[in-house]
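Please open the model in your viewer and display the chain as a cartoon, with side chains available on request. The tour below proceeds one selection at a time.

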Amino acid sequence: MSHDKTRVCPVERSGSLDNRIRRWLQNPQKILGPYIMEGMEVLEIGCGPGFFTMDMGRMVRKSGRVVAVDLQEGMLQKVKEKIRLSGEELNIELHKCESDRIGVSGEFDFVFLFYVVHELPDQESFFRELSSLLKNDGRILIVEPPMHVSKQAFNEMLEIAGKAGFVVVDRPKMFPNKVVLLGKN
Ligand SMILES: C[S@@+](CC[C@H](N)C(=O)[O-])C[C@H]1O[C@@H](n2cnc3c(N)ncnc32)[C@H](O)[C@@H]1O
């Protein structure tokens, strides 16, 4: 499937996704703390430069695993460099996906999608594929930005997810973003 590249956040803008001000506004430990425990299998799609990835790696510890996926090799290289510079032994696997296929295997406890769903070219096939990757009691946390994504677009996305077998479990608050926690039907 063709992909409208204008929708995808370019690697050159990754600095705006990974800085101290963002860490203060969107603290990864606070956002992810309620969902990620030691030993979990976590899938992060659209990891970008890895703003959340390192914290997830620390939270699952060595007994768990984080698979961080992105469409752009340049983003994955930034995460790789961050892991290297940290000197920490984190169980993080990096995977370059296709725009219309995630292409990983496994069964995950938690899937994290931060500011990415609106960039996907085909949400229907995406959620169908995700359904085979989530454990029956697994959870998906979706956070979408306030400006790029209208209330209508967000609700349409929920309908598409519903058709793939997902139900709304919670609506966590993260002003001004649009947020939902999904589980399997
Ligand atoms: C706005 S950035 C957000 C990055 C990260 N989640 C964060 O919050 O810092 C969106 C990311 O999604 C990635 N992306 C876009 N389309 C994708 C697709 N079809 N599959 C996987 N990743 C994709 C982009 O390459 C980019 O790194």
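The stops that follow concern a predicted model.

**First stop: strand β7.** Select residues 178-184, which form strand β7. Six of the seven residues of this strand are buried, so β7 is largely enclosed by the rest of the structure. Next, add strand β5, residues 134-144, which runs antiparallel to β7 and is joined to it by five bridges. To find one of these contacts, select E144 together with its bridge partner in β7, K178. Then add strand β6, residues 166-170; β6 and β7 are also antiparallel, and four bridges join them. Here F166 stands opposite K184 of β7.

**Second stop: salt bridges.** The structure holds 10 salt bridges, of which three are visited here.

Select R65 and E93, whose closest N and O atoms are 3.0 Å apart in a salt bridge. Because R65 lies in strand β2 (residues 65-70) and E93 in strand β3 (residues 92-96), the pair ties together parts that are 28 residues apart in sequence. R65 is buried, at 16% relative accessible area, while E93 is partly exposed, at 35%. Adding E41 to the selection shows a network of salt bridges that links E41, R65 and E93.

Now select R101 and E129, whose side chains meet in a salt bridge with an N to O distance of 3.7 Å. R101 lies in the loop between β3 and β4, and E129 in helix α5 (residues 123-131), so this pair joins parts that are 28 residues apart in sequence. R101 is exposed, with a relative accessible area of 52%; E129 is buried, with 14%.

Continue to K135 and D109, which form a salt bridge at 3.0 Å, N to O. This pair links distant parts of the chain, with K135 in strand β5 and D109 in strand β4, 26 residues apart. K135 is partly exposed at 25% relative accessible area, whereas D109 is buried at 18%.

**Third stop: cysteines.** Select C9, C47 and C97. How many disulfides are there? The count is zero. A disulfide would require two cysteine sulfur atoms within 2.5 Å. The sulfur closest to that of C9 belongs to C47 and is 12 Å away, too far for a bond. For C97 the closest cysteine sulfur is also that of C47, at 8.8 Å, again too far. C9 is buried at 15% relative accessibility, and C97 is buried at 9%.

**Last stop: a surface patch.** Finally, select I21, W24 and L25, which make a nonpolar surface patch of about 440 Å². W24 is found in helix α1, residues 20-25, and counts as exposed at 71% relative accessibility.

Methods
Residues are numbered from 1 along each chain as its sequence is written. This is a predicted model: local features need pLDDT of at least 70, side-chain atom pairs count only at pLDDT 80 or more; totals for chains, interfaces and linings use all residues. Side-chain values use heavy atoms; hydrogens and water are left out. Buried means under 20% relative accessible area, exposed over 50%, partly exposed in between (1.4 Å probe, protein chains only). Patches are made of residues with over 30% relative accessible area and no salt bridge: like charges are joined within 9 Å, nonpolar side chains (Val, Leu, Ile, Met, Phe, Trp, Tyr) within 5 Å. Accessible areas come from the Shrake-Rupley method with a 1.4 Å probe; for residues, only the protein chains shown count as cover. A salt bridge is a side-chain nitrogen of Lys or Arg within 4 Å of a carboxyl oxygen of Asp or Glu. Helices (H or I, at least four residues) and strands (E, at least two) are DSSP runs, numbered from the N terminus. Two strands pair if DSSP finds at least two bridges between them.
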